[in-house]
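This report sets out the fold, the side-chain contacts and the internal space of one protein chain. The sequence and the model are shown first, and the discussion follows.

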Amino acid sequence: MVVCSFNLVAVATIAKIIGNDISASQSGFLRYLIGLIFIIPLLRHFNLKTIPKNDLIIFSIRGFVHSIGVMLWFFSMTQITIAEVISMSYLTPILLSIMAIIFLGEELSWNRIITLLCGIIGCLIILRPGFRELVIGHWSILGTVCAFSVSYLLTKQLTNRYSAEVIIVMLSLTCTTFLFPTALLAWKPPTLENIFWLFLVAFFATFAHYSMTRAFNAAPITVTQPFNFLQLIGAVAIGALFFSEPLDIWVFLGGSIIVCAISLLAWREFMSKK
């Protein structure tokens, strides 16, 4: 998870460097297009003809929703600080847990209620509505959280029937397909520098998913979740040192509360299964 955290901070940093050079939709498209290079070894596990039509529809919906989340995430990076983006992204597993209760019939426990309340408190501390102006970047990262939560909810259903390799390949193919037309609408010829940075984004993002999977296989989720805090520390440090972003103690505090809530939920649910 240390390696995973490093890679995710690297992805956010590079997205910040790219900034407004190219549009969010084009950045997302090129990230997944270049990322296809890294999934070539997985194609030996993949046969599109073996996937039923109904599951293809689910894969497509997931890819469409995830594509929206990717565009909103890249856009958020141009509008607000890295620390704010990372901190708000921690809401995804909390919202996913609530969606699982509503749509998958999972149990509504006091642990999840407390986690949700902590997540809301952490979010309010980060945003501080009424005490400062909320910009479009704050709303777009909330949209990212919603889109990724739906995407992961659909993924949870698909993991019962398909391997991780098939799911990764389908996500890459569908996101590349759905992001292509939106990228064309705001297409700007990318420079070699843009392509270089997006190649690194694709590499670090792919390696982050791989590292996370290895971490989940090697240790209980209760052990891995607290390491998310490293992302917040890295985001604050990178933003201050390289982008002159202010050290906002409220963002750090709110993000810390959300990370603690996620870790506590993971620990309690792990203990309840023993």
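Over the face of which residue does Arg 31 lie? Arg 31 is placed over the ring of Tyr 32, at 4.0 Å from the ring centre. The model in which this contact occurs is a predicted one.

## Fold and burial

The chain contains 12 helices and 0 strands. Its pattern along the sequence is accordingly written α-α-α-α-α-α-α-α-α-α-α-α. Of the 274 residues, 47% count as buried.

Helix 4 (residues 82-89) has 7 of its 8 residues buried, so this helix is largely enclosed by the rest of the structure. The buried residues there are Ile 82, Ala 83, Glu 84, Val 85, Ile 86, Ser 87 and Met 88.

## Salt bridges

The structure holds 3 salt bridges. The table gives each pair with its N to O distance.

| Basic residue | Acidic residue | Distance, N to O |
|---|---|---|
| Lys 16 | Glu 245 | 3.3 Å |
| Arg 161 | Asp 55 | 3.0 Å |
| Arg 128 | Asp 248 | 3.1 Å |

The side chains of Lys 16 and Glu 245 meet in a salt bridge. This pair links distant parts of the chain, with Lys 16 in helix 1 (residues 2-18) and Glu 245 in the loop between helix 11 and helix 12 (249-273), 229 residues apart. Lys 16 is buried, at a relative accessible area of 17%, and Glu 245 is buried as well, at 11%.

A salt bridge also joins the side chains of Asp 55 and Arg 161. Asp 55 belongs to helix 3 (residues 53-77) and Arg 161 to the loop between helix 7 (136-158) and helix 8, so the contact ties together parts that are 106 residues apart in sequence. Asp 55 counts as buried, at 9% relative accessibility, whereas Arg 161 counts as partly exposed, at 46%.

The remaining bridge is formed by Asp 248 and Arg 128. Because Asp 248 lies in the loop between helix 11 and helix 12 and Arg 128 in the loop between helix 6 (110-127) and helix 7, the pair ties together parts that are 120 residues apart in sequence. Here the acidic partner, Asp 248, is partly exposed, with a relative accessible area of 24%, while Arg 128 is buried, with 17%.

## Backbone at two loop residues

Arg 128 also has a notable backbone angle: its phi is near 50°, a positive value in a residue other than glycine. Ser 244 likewise has a positive phi, near 55°, and is placed in the loop between helix 11 and helix 12. Ser 244 is exposed, with a relative accessible area of 67%.

## Aromatic contacts

A pair of aromatic rings is described by the distance of the centres and the angle of the planes. The count for this model comes to 10 aromatic pairs. One of them is formed by Phe 29 and Phe 180, a tilted pair with 5.4 Å centre to centre and 50° between the planes. Phe 29 lies in helix 2 (residues 24-35) and Phe 180 in helix 8 (residues 164-185), so that the pair links distant parts of the chain, 151 residues apart. The two rings differ in their surroundings: Phe 29 is buried, with a relative accessible area of 7%, and Phe 180 is partly exposed, with 40%.

Ring pairs also connect Phe 38, Phe 199, Phe 203 and Phe 204 into a cluster.

## Internal cavity

How many cavities of 30 Å³ or more does the structure hold? The structure has 1 such cavity, with a volume of about 80 Å³. Its lining consists of Thr 81, Ala 83, Ala 235, Val 236, Gly 239, Ala 240, Glu 245, Pro 246, Leu 247, Asp 248 and Val 251. By class, the lining residues divide into 7 nonpolar, 2 polar and 2 charged. Helix 11 (residues 229-242) supplies the largest share, 4 residues.

Several residues of the lining appear in the contacts described above. Glu 245 is part of the lining and is the salt-bridge partner of Lys 16. Asp 248 is likewise part of the lining and forms the bridge with Arg 128. Ala 83, also in the lining, is one of the buried residues of helix 4.

Conventions: Residues numbered from 1 in each chain as written. Predicted model: local features only at pLDDT ≥ 70, side-chain atom pairs only at ≥ 80, totals over all residues. Heavy atoms only, no water. 1 Å grid on protein atoms, 1.4 Å probe; cavity = no way out; pocket = protein on both sides within 12 Å on 5 of 7 lines; lining within 4 Å. Points joined across faces, edges and corners; volume = space filled by probe spheres on them. Nonpolar A, V, L, I, M, F, W, Y, C, P; charged D, E, K, R; others polar. Phe/Tyr/Trp six-rings, centres within 6.5 Å; stacked < 30°, edge-to-face > 60°. Buried < 20%, exposed > 50% of the residue type's maximum accessible area, 1.4 Å probe, protein only. Lys NZ or Arg CZ within 6 Å of the ring centre and 35° of its normal. Salt bridge = Lys/Arg side-chain N within 4 Å of Asp/Glu carboxyl O.
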